[in-house]
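Colleague: I'm new to this one, so could you take me through a single part of it slowly? I'd like to hear how one short helix packs against its partners, and what lies around it.

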Amino acid sequence: MHVPDGFFDAPTSIATGVVAVAAIGVSLRGARRELDDRTAPMAGLVAAFVFAAQMLNFPVGAGTSGHLMGGAVAAVLVGPWTAVLATSVVFVVQTLMFADGGITAMGTNITVMGVTTVAVGYGVFRLLQALLPKRVALVPVLAGIGAFVSVPVASLLFVALYAVGGAAPVPLDTLTTAMVGVHSLIGVGEGLITFLAVAGIIAVRPDLVRGARPVLAARTLEIRTETAGASA
C-alpha cells in the first residue's frame, strides 16, 4: 500500500503530512509514559519486526501493492504511542533507503499505514478486552482480531483519500475493489501473524506485552493451604 509520488495531489499530500507530524508529536509525549525498562528494548525489536514483515509485498492491481502493516501488533506489544513512533521510523527508512513509497507521500504512508492501523487495531483490542473476561490467554486472540480489522480500514482510508485528491488515472471503483478486497484477505494473514507473535511472547514473558498488563494487574492472588486431612 506504499503510496508513490504523484498518486495524490499536493493539498492531499500536505494535509496527510500535517496529520503525520501532529501524530508523531503527540506520540513523543505519550511514549514517555509507556517506555520503561521493559518496553524500551522491545520498541527496537518491534520496529525491526515490522520492517521485515513489510518487505513481503503482495500485488494488488491498479498500480498498487499490499503488504502486512504491523501497527496493531506494535501497539499491543509496546503501547499505541510508541507504536506510532516505531512504525513511522520504519516508513521513513523504507522511503529514504529503499525507495518504497514516495518522499512527498511520506505523510500519507505514515497516516494510512501507521497511525490508522495503530489506532484502529489497538482500539478494537482494548474494546474487546473491556467487554470480555480478563484472561491472559485471550490477549493474543484479541490482538489478532484488532490486526485483522485495522487492515481493511486502512485500505478504506486510502480509497477515501484518493476520492478526494487522487491524481493517478485509476478508476475509483477499480481501486476500491482491488484495495478493500485484497486487503481484507491480507488482514486475515496479519491477524494470524499478530496472534502468533503475541502468543509466543505471552507464553514466556507476559509482562513484556503492554496490552497484557491490565489483565495481569486484575488477576487476584490465590493462596492455597493444605486441608487437615491432607496434612495428617
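Modeller: Here is a close look at helix 3, its two helix contacts and a cavity. Keep in mind that this is a predicted model, where local features need pLDDT of at least 70, side-chain atom pairs count only at pLDDT 80 or more, and totals for chains, interfaces and linings use all residues. Numbering starts from 1 along each chain as its sequence is written, and side-chain values use heavy atoms, with hydrogens and water left out.

Helix 3 covers residues 71-78; helices here are DSSP runs of H or I with at least four residues, numbered from the N terminus. Two packed helices are described by the angle between their axes and the distance between the axes. Axes are lines fitted to C-alpha atoms, for helices over the stretch in contact, and angles run from 0 to 180 degrees between N-to-C directions.

Take helix 7 (residues 172-204) to begin with: its axis and that of helix 3 come within 9 Å and cross at roughly 20°. The two are therefore roughly parallel, the word for angles under 35 degrees. Their crossing is right-handed, that is, the near helix is turned clockwise from the far one by less than a right angle. Gly71, Val73, Val76 and Leu77 of helix 3 make this contact with Glu190, Thr194, Ala197, Val198 and Ile201 of helix 7, contact meaning heavy atoms within 4.5 Å. By class, that gives 6 nonpolar, 2 polar and 1 charged; Ala, Val, Leu, Ile, Met, Phe, Trp, Tyr, Cys and Pro count as nonpolar, Asp, Glu, Lys and Arg as charged, and the others, Gly among them, as polar.

Now for helix 4 (residues 80-98): its axis and the helix 3 axis come within 7 Å and cross at roughly 135°. Helix 3 and helix 4 are therefore oblique to each other, and this crossing is right-handed too. Here Gly71, Ala74, Ala75 and Val78 in helix 3 meet Pro80, Thr82, Ala83 and Thr87 in helix 4. Those residues divide into 5 nonpolar, 3 polar and no charged.

Finally, the cavity. Searching the whole structure turns up 1 cavity of 30 Å³ or more, a cavity being a set of points on a 1 Å grid where a 1.4 Å probe fits but cannot get out. About 70 Å³ of space lies in the largest cavity. Its lining includes Val73, Glu190 and Thr194, which also belong to the contact of helix 3 with helix 7. Helix 7 gives the most to this lining, with 3 residues.

Definitions and conventions: Parallel < 35°, antiparallel > 145°, perpendicular 65-115°, else oblique. 1 Å grid on protein atoms, 1.4 Å probe; cavity = no way out; pocket = protein on both sides within 12 Å on 5 of 7 lines; lining within 4 Å. Points joined across faces, edges and corners; volume = space filled by probe spheres on them.
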